[in-house]
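Student: I have a protein model open and do not know how to read it. Where should I begin?
Tutor: Pick one residue, then work outwards.

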Amino acid sequence: MPAAEPLAPPAPPEPELPPSLEEDAVSRDLLNELEIQQLRRDVAQLRTESDFLRRELAATRRDVDELRDAQQASRERVEYPRPVSPQHSEAMLLAGRGIEASRIAEHCGISVAEAELVCALARAEEGR
């Protein structure tokens with residue numbers, strides 16, 4: 001006969017918790033599970049709001065870019081009308097040559113204020 005193997009001693013029985021401690025453990029586990037569920041709902045809601053805000057920000061950026069482009073295009077299209085009257089046409093030519101406003105006024109028979117305005121328009125045209 002083969003030698004008999006020694007039997008392992010039986011495992012000690014798990015200590016039983018008193019009913020009040022067991023209820024407390026179950027109560028804590030339930031509260032923890034409820035809190036985890038609420039936190040998951042909160043995270044999902046925050047993700048939804050974050051996605052919405054990202055889309056709004058992207059749309060706002062597109063709008064700003066379009067407005068900036070439109071503003072730039074309108075700046076590029078600004079043109080000053082050339083004067084129609086012979087006095088102002090000649091004044092514009094003189095102003096384009098760099099003649100002083102007082103001399104233009106005297107030569108063309110216009111006021112100094114008009115001559116200064118013509119000089120300002122001529123400078124604006126040169127700056128384009």
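Tutor: Start with Arg68. Arg68 has a relative accessibility of 49%, so Arg68 counts as partly exposed. Buried means under 20% relative accessible area, exposed means over 50%, and partly exposed lies in between (1.4 Å probe, protein chains only). One caution: this is a predicted model, where local features need pLDDT of at least 70 and side-chain atom pairs count only at pLDDT 80 or more, while totals for chains, interfaces and linings use all residues. Residues are numbered from 1 along each chain as its sequence is written, and side-chain values use heavy atoms, leaving out hydrogens and water.

Student: With which side chain does Arg68 meet in a salt bridge?
Tutor: General idea: a salt bridge puts a side-chain nitrogen of Lys or Arg within 4 Å of a carboxyl oxygen of Asp or Glu. Here, Arg68 pairs with Asp65 at 3.1 Å, N to O. Asp65 is partly exposed, at 37%. The two residues sit three apart in helix H1, so about one helical turn separates them.

Student: How many salt bridges are there by this rule?
Tutor: Two. The other entry to look at is Arg54 with Asp51, at 3.3 Å, N to O. These residues are also three apart in helix H1 (residues 19-77), about one helical turn. Arg54 is exposed at 56%, whereas Asp51 is partly exposed at 36%.

Student: How many helices and strands does the protein chain have?
Tutor: Helices (H or I, at least four residues) and strands (E, at least two) are DSSP runs, numbered from the N terminus. This protein chain has four helices and zero strands. Its pattern along the sequence reads α-α-α-α.

Student: What share of the protein chain is buried?
Tutor: Of its 128 residues, 10% are buried.

Student: Which residues touch the most others in the largest nonpolar core?
Tutor: A nonpolar core is a set of buried Ala, Val, Leu, Ile, Met, Phe, Trp, Tyr and Cys residues, joined through side-chain atoms within 4.5 Å. The largest core here has 13 residues, and Ala91, Ala95, Ile104, Cys108, Ile110 and Ala115 touch the most other members. Helices H2 (86-96), H3 (101-108) and H4 (112-127) each supply at least two residues of this core.

Student: Which residues of H3 are buried?
Tutor: Ala101, Ile104, Ala105 and Cys108. They span an arc of only 100 degrees around the axis, so they lie on the same side of H3. That arc is taken from the directions from the helix axis to the C-beta atoms. The face turned away from this buried side carries exposed Arg103, Glu106 and His107. Just after H3, Gly109 takes a positive phi of about 70 degrees.

Student: Why is there no bond between Cys108 and Cys119?
Tutor: A disulfide is a pair of cysteine sulfur atoms within 2.5 Å. The sulfur of Cys108 has its closest cysteine sulfur in Cys119, but 9.9 Å is too far for a bond. The count is zero disulfides. Cys108 is buried at 9%, and Cys119 is buried at 9%.

Student: How do I spot residues that are apart along the chain but brought together in space?
Tutor: Compare sequence separation with distance. Glu126 and Gly96 are 30 residues apart along the chain, with C-alpha atoms 8.0 Å apart. Glu126 lies in helix H4 and is exposed at 54%.
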